[in-house]
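Got your viewer open? Let's walk through this one stop by stop, picking out what to select as we go.

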Amino acid sequence: QRALRQLHLEDLFEYLFFADFSRPGQWISKPDVKSYKRVEQIVESHGGLSPKDTSYYFVDDLKRNVRGAQKANWTTLWLNEGCKAASQSTNQKGTI
């Protein structure tokens with residue numbers, strides 16, 4: 001959420017998910033691919049959306065977490081804290 005807020009993108013998403021560490025055992029932690037797949041299950045069951053109608057985006061400042069989302073076939077954006085110029089691709093990866 002911090003990253004989306006910094007980029008002024010927070011209001012562009014229908015759902016935002018965060019781990020609630022006060023409820024142990026409720027979530028599988030990133031970068032485990034199962035954590036991203038669990039989010040997909042929640043969105044598809046509660047939102048009434050089919051996988052073909054849904055796009056998943058993941059933004060993080062930790063590259064290992066971005067890699068986990070990429071393994072789950074999500075569109076990703078890695079926030080490079082060094083703010084160095086970085087290449088962006090047209091597939092499912094990006095770096096800022």
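**Around helix 2**

Select strand 1 (57-60) and helix 3 (63-71): they are among the elements that cover the buried residues of helix 2. Bear in mind that this is a predicted model.

Now pick helix 2 itself, residues 33-46. Does its length fit or clash with what 14 residues should span? At 1.5 Å a residue you'd expect 20 Å, and the end C-alpha atoms are 20 Å apart, so the two agree.

Next, colour the buried residues of helix 2: Ser35, Tyr36, Val39, Glu40, Ile42 and Val43. They sit on the same side of helix 2, because the arc they cover around the axis is only 165°. Spin round to the face turned away from that buried side, and you'll meet the exposed residues Lys34 and Ser45.

**The two ends**

Go to the start of helix 2 and show the side chain of aspartate 32. One of its side-chain oxygens comes within 2.8 Å of the backbone nitrogen of lysine 34.

While you're here, click serine 35, which belongs to helix 2. Its relative accessible area is 7%, so it counts as buried, the cut-off being under 20%. Which residues does serine 35 touch, leaving aside its neighbours within four places in sequence? The answer is Ile28, Ser29 and Lys30.

Then jump to glycine 48, just after helix 2: the phi there is positive, about 65°.

**The aromatic rings**

Time to show the rings. The structure holds 3 aromatic pairs. Start with tyrosine 36 and tryptophan 74, which meet edge-to-face, with 5.3 Å centre to centre and 75° between the planes. This pair links distant parts of the chain, 38 residues apart: tyrosine 36 is in helix 2, while tryptophan 74 is in the loop between helix 3 and strand 2 (75-78). Both tyrosine 36 and tryptophan 74 are buried.

Keep tryptophan 74 selected and add tyrosine 56. These two are stacked, at 5.0 Å centre to centre and 25° between the planes. Here too the pair joins distant parts of the chain, 18 residues apart, with tyrosine 56 in the loop between helix 2 and strand 1.

How accessible are these two? Tyrosine 56 has 13% relative accessibility, so it counts as buried. Tryptophan 74 is buried as well, with a relative accessible area of 6%.

For the last stop, select Tyr36, Tyr56, Phe58 and Trp74 together: ring pairs link them into a cluster.

Terms used
Residues are numbered from 1 along each chain as its sequence is written. This is a predicted model: local features need pLDDT of at least 70, side-chain atom pairs count only at pLDDT 80 or more; totals for chains, interfaces and linings use all residues. Side-chain values use heavy atoms; hydrogens and water are left out. Helices (H or I, at least four residues) and strands (E, at least two) are DSSP runs, numbered from the N terminus. Buried means under 20% relative accessible area, exposed over 50%, partly exposed in between (1.4 Å probe, protein chains only). Contact means heavy atoms within 4.5 Å. The expected span of a helix is 1.5 Å times one less than its number of residues. The arc is that of the directions from the helix axis to the C-beta atoms. A polar contact is a pair of N or O atoms within 3.5 Å; within protein, one must be able to donate a hydrogen and the other to accept it, and residues adjacent in sequence count only if both atoms are side-chain atoms. Rings of Phe, Tyr and Trp (its six-membered ring) pair if their centres lie within 6.5 Å; planes under 30 degrees apart count as stacked, over 60 as edge-to-face and the rest as tilted.
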